[in-house]
Amino acid sequence: MDVSVFLDEFRPFRRGEIALARRAILEPMFLHPRELDVLRYAIRLAQLSSIGSENDDLVYRIGSYRLRLLQLLAPILPTEPTEIDPVKLHQSIPKVAQLVERARNSIVAGELASEAQIDAEVAHKHLVLVLGGAAGAGYIFLGALERLEQAGIAPSYMVGCSVGSLLAVIRGRDARFELAALLEDVKRIREVGVFRRPDLRPVFGLPAALRLDLRGALGDLFQNDAGRPLRLGELAIATDVLAAGLGPGAFEENQKTFASLVDQDLSAVRSPADLRGSRMARAVAALVSLAMSRRLLVPILFGSDAETAEVPALDGAGFSAAIPSVLHYEVPEEDVETTRILRGILDHHGLAGVVDGALASLLPARYAWEAIEAGRIGSRNTTIVALDALAAPKGSNALLTPLFRVTSATAQRDKAFWDLHVVFRRAPPFMDLFPTDARLRHAAATGVREFENTARLLRQLMAPVARWKELERHLSPIEPTLRS
């Protein structure tokens, strides 16, 4: 689907569906439940571009339906929930039902889907989580994952970058979620010595003060039945990770600069805690310089296609979290197969290396949307929730404002593609990459509290919708006994 079609014809319905959900939370009986479900069915149907894993002509087949439904609802379904007039919505129901019936008949007549397939696609909305780049601040996302589990809502698809990608692949390893198990995984990363002085010549990345060794920490947990490293395409929950590919110009211009920085300023660094004062300032300056080289950075979404789905999950997350000048990631030299896969990917895209995905996009919602539209999870009935720990930096994070200002500019490109933007205002320190158990638990508890309102909204927004014939059968007896 063309982006302009999405922005012009689809976005109004996504905003309208959220407004209905918010109003239902404020006033559960503002509209008869059956009528509310008719509206939800109609709006969800209008947001479908295809049914099934393969793209079809549905987006064009029901183009007139979207236009007529938009003309009908736009004047009476404002995005501000308190301004919604339930009487006017009630009066629109017969026309909405007629439009839905005609659209369904057109889809069936065009042999794009059966009535049962339409109902199945509309009934269940899928949660898509975008875990933004936030380094240590991103551990507050643990609270969002925990609160979703408490609400009985599991993500169908996750896209992460930087430390967000690490949390995503750990969460995606198992369909079940246990906060204690995830905390234990992070503890293993910290204790097994993930921060080792780089002893490998940079092959796929830039020089840095410390080496990130995820396989040494979690490799035994990320193995498939054959004993090989678990691939991104093998995770229990569909998960992709964004990295920033370095064009040849970026590598040539920055490799010596970063090597000099590491040798002169960061050689004494043994952990991220050592990055303070002038060292931190110089590291941030180098990051800002690279982040501003937009023409030299190429986003690459590991896992989103057959080629990159073969990348081991830990390696994809490792490259996505490889903060230039701070963390260096490489595939073990003895892993010839993964090296071959990565070399093929880089050659195919004309890249010289791979680093932290946050430099390409701090909140990669657009890449999530593009993957969904390409059939990544077999459904386009989704809600995209972007988790952001850097939009309101405080405390020690405020010192990194120059970096955040540059990288956050990418969020403007992604803004149109997320449905909900969750800003965490009490995020942990950015450079506390693998904190103590106490700090992790505090971050998770804080995240639970800050995600509460979003969890309540998602329970309403994600609620299933009944089959159309069942909804239609119960419409006629409803009387307009609504409050104005």
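**Notes on a predicted model: helix packing, salt bridges and a few residues worth a look**

1. Helices α9 and α18 pack with their axes 10 Å apart, at an angle of about 140°. That angle makes α9 oblique to α18, because a pair counts as roughly antiparallel over 145 degrees. The crossing of the two helices is right-handed. Please keep in mind while reading that this is a predicted model.

2. Who meets whom in this pair? From α9 come Leu179, Leu183, Val186, Lys187 and Arg190, and they meet Asp437, Leu440, Arg441 and Ala444 of α18. Sorted by class, the contact of α9 with α18 has five nonpolar residues, four charged ones and no polar ones.

3. The charged side of this contact deserves a closer look. Aspartate 437 and arginine 190 form a salt bridge, with 3.1 Å between the closest N and O atoms. This pair links distant parts of the chain: aspartate 437 sits in α18 (residues 437-450) and arginine 190 in α9 (residues 179-191), with their positions 247 residues apart in the numbering. Aspartate 437 has a relative accessible area of 30% and is partly exposed, and arginine 190, at 25%, is also classed as partly exposed. The bridge belongs to a network of salt bridges that links Lys187, Arg190, Glu191 and Asp437.

4. Moving to another long-range pair, lysine 469 and glutamate 101 meet through their side chains in a salt bridge, at 3.3 Å from N to O. Here too distant parts of the chain are linked: lysine 469 lies in helix α20 (residues 468-473) and glutamate 101 in helix α5 (residues 86-109), 368 residues apart. Is each partner buried or partly exposed? Lysine 469 is partly exposed, with 36% relative accessibility, whereas glutamate 101 counts as buried because its relative accessible area of 18% falls under the 20% limit.

5. A third salt bridge joins arginine 23 to glutamate 27, and its closest N and O atoms are 3.0 Å apart. Arginine 23 has a relative accessible area of 9%, so this arginine is buried. For the wider picture, the structure holds 25 salt bridges.

6. Some context on the fold as a whole may help. The protein has 20 helices and 10 strands. Of its 484 residues, 58% count as buried. Among the contacts between residues at least 6 apart in sequence, 84% join residues at least 24 apart.

7. Aspartate 37, in helix α2 (residues 33-46), is a charged residue worth checking on your screen. Its relative accessibility is 17%, so aspartate 37 counts as buried. Setting aside neighbours within four places in sequence, aspartate 37 is in contact with Val465 and Leu471.

8. Two residues have backbone angles you may want to inspect. Glutamate 111 is not a glycine, yet has a positive phi of about 55°. This glutamate is found in the loop between α5 and α6 (115-123), and with a relative accessible area of 74% it is exposed. Serine 162, again not a glycine, has a positive phi of about 60°. Serine 162 lies in the loop between β2 (157-161) and α8 (163-172). Is serine 162 buried or exposed? Its relative accessible area is 2%, so serine 162 is buried.

9. Valine 163 follows, in helix α8. At 5% relative accessibility, this valine counts as buried. Which residues does valine 163 contact, leaving aside neighbours within four places in sequence? They are Ala135, Gly136, Tyr139, Ala321 and Leu433. The C-alpha atoms of valine 163 and aspartate 356 are separated by 9.0 Å, and these two residues are 193 residues apart along the chain.

Conventions. Residues are numbered from 1 along each chain as its sequence is written. This is a predicted model: local features need pLDDT of at least 70, side-chain atom pairs count only at pLDDT 80 or more; totals for chains, interfaces and linings use all residues. Side-chain values use heavy atoms; hydrogens and water are left out. A salt bridge is a side-chain nitrogen of Lys or Arg within 4 Å of a carboxyl oxygen of Asp or Glu. Buried means under 20% relative accessible area, exposed over 50%, partly exposed in between (1.4 Å probe, protein chains only). Helices (H or I, at least four residues) and strands (E, at least two) are DSSP runs, numbered from the N terminus. Axes are lines fitted to C-alpha atoms, for helices over the stretch in contact, and angles run from 0 to 180 degrees between N-to-C directions. Angles under 35 degrees count as roughly parallel, over 145 as roughly antiparallel, 65 to 115 as roughly perpendicular and the rest as oblique. A crossing is left-handed if the near helix is turned anticlockwise from the far one by less than a right angle, and right-handed if clockwise. Contact means heavy atoms within 4.5 Å. Ala, Val, Leu, Ile, Met, Phe, Trp, Tyr, Cys and Pro count as nonpolar, Asp, Glu, Lys and Arg as charged, and the others, Gly among them, as polar.
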